[in-house]
Amino acid sequence: MFLSVRKVTESGVMFAPLVCRKCGKKRAERKEIIAEIVETEEKYGRDLQIIMEEFYRPMLVAGLLTPEHLAAIFLNVEELLEHNVTLAEKLRDAMEIAQEQGDEDLLTVNIGKLFLEASPMLHAFESYCIRQVRG
Ligand SMILES: [Zn+2]
């Protein structure tokens, strides 16, 4: 009885906040992984932003290299950053919405769906890698 208690969030998502110890441990691990994914994605975005603001733009403004040379060096970093910003925001929002609704374990966060929605990002990475190989 106790284990089958269900909770429904404001958005109508149902989840069971109470489970056995083993499942509870898995939930805690899952929660940690989600939080880590969100943090890693945000940190990656900050790194890309530094590349753009501290290196790309000053070099462009200084006019020491042609836009073609800069494009050959920085590839599609700006595109990667755009995708990252979108994904990082969606991840952070999903996590905060869950927490606001009392879902502390982030059970209502559909992390797989968010990554599937972000699949165009993979093409940007593909293009980045291919251009790197071509040098
Ligand atoms: Zn269990």
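Student: How do you know that the span of helix H1 (residues 21–62) agrees with what it should be?

Tutor: Set the two numbers side by side. The expected span is 1.5 Å times one less than the number of residues, so the 42 residues of H1 should cover 62 Å, and its end C-alpha atoms are 60 Å apart, which agrees. By the way, this is a predicted model, where local features need pLDDT of at least 70, side-chain atom pairs count only at 80 or more, and totals for chains, interfaces and linings use all residues. Residue numbers start from 1 along each chain as its sequence is written.

Student: What makes something a helix or a strand here?

Tutor: Both are DSSP runs, numbered from the N terminus: helices are H or I with at least four residues, strands are E with at least two. The protein has five helices and two strands, in the order β-β-α-α-α-α-α along the sequence.

Student: Where does H1 bend?

Tutor: At tyrosine 56, by about 30°. That bend is the angle between axes fitted to the seven residues ending there and the seven starting there. Proline 58 follows within four residues.

Student: Why is H1 said to lie largely in the open?

Tutor: Buried means 20 or more other C-beta atoms within 10 Å of a residue's own, exposed means 12 or fewer, and partly exposed is in between, with C-beta atoms placed from the backbone. Of the 42 residues of H1, the number buried is one, so it lies largely in the open. Helix H2 (residues 67–74) has eight residues and zero buried, so H2 lies largely in the open as well.

Student: Which residues are buried in H3?

Tutor: Leu80, Asn84, Leu87, Ala88, Leu91 and Ala98. Over the whole protein, 7% of the 135 residues count as buried.

Student: Why is valine 109 called buried?

Tutor: Count its surroundings: valine 109 has 25 other C-beta atoms within 10 Å, so it passes the cut-off and is buried. Valine 109 sits in the loop between H3 and helix H4 (111–117).

Student: What is valine 109 in contact with, leaving aside its neighbours within four places in sequence?

Tutor: Ile34, Ala94, Met95 and Ala98. Contact means that the C-beta atoms, placed from the backbone, lie within 7 Å.

Student: Where is confidence lowest, and where is it highest?

Tutor: Confidence here is pLDDT, the predictor's confidence in each residue, from 0 to 100. Strand S2 (residues 14–15) is lowest, at a mean of 68, and helix H3 (residues 77–100) is highest, at 96. Where pLDDT is low, the predicted coordinates should not be read in detail.

Conventions
Two residues are in contact if their C-beta atoms, placed from the backbone, lie within 7 Å.
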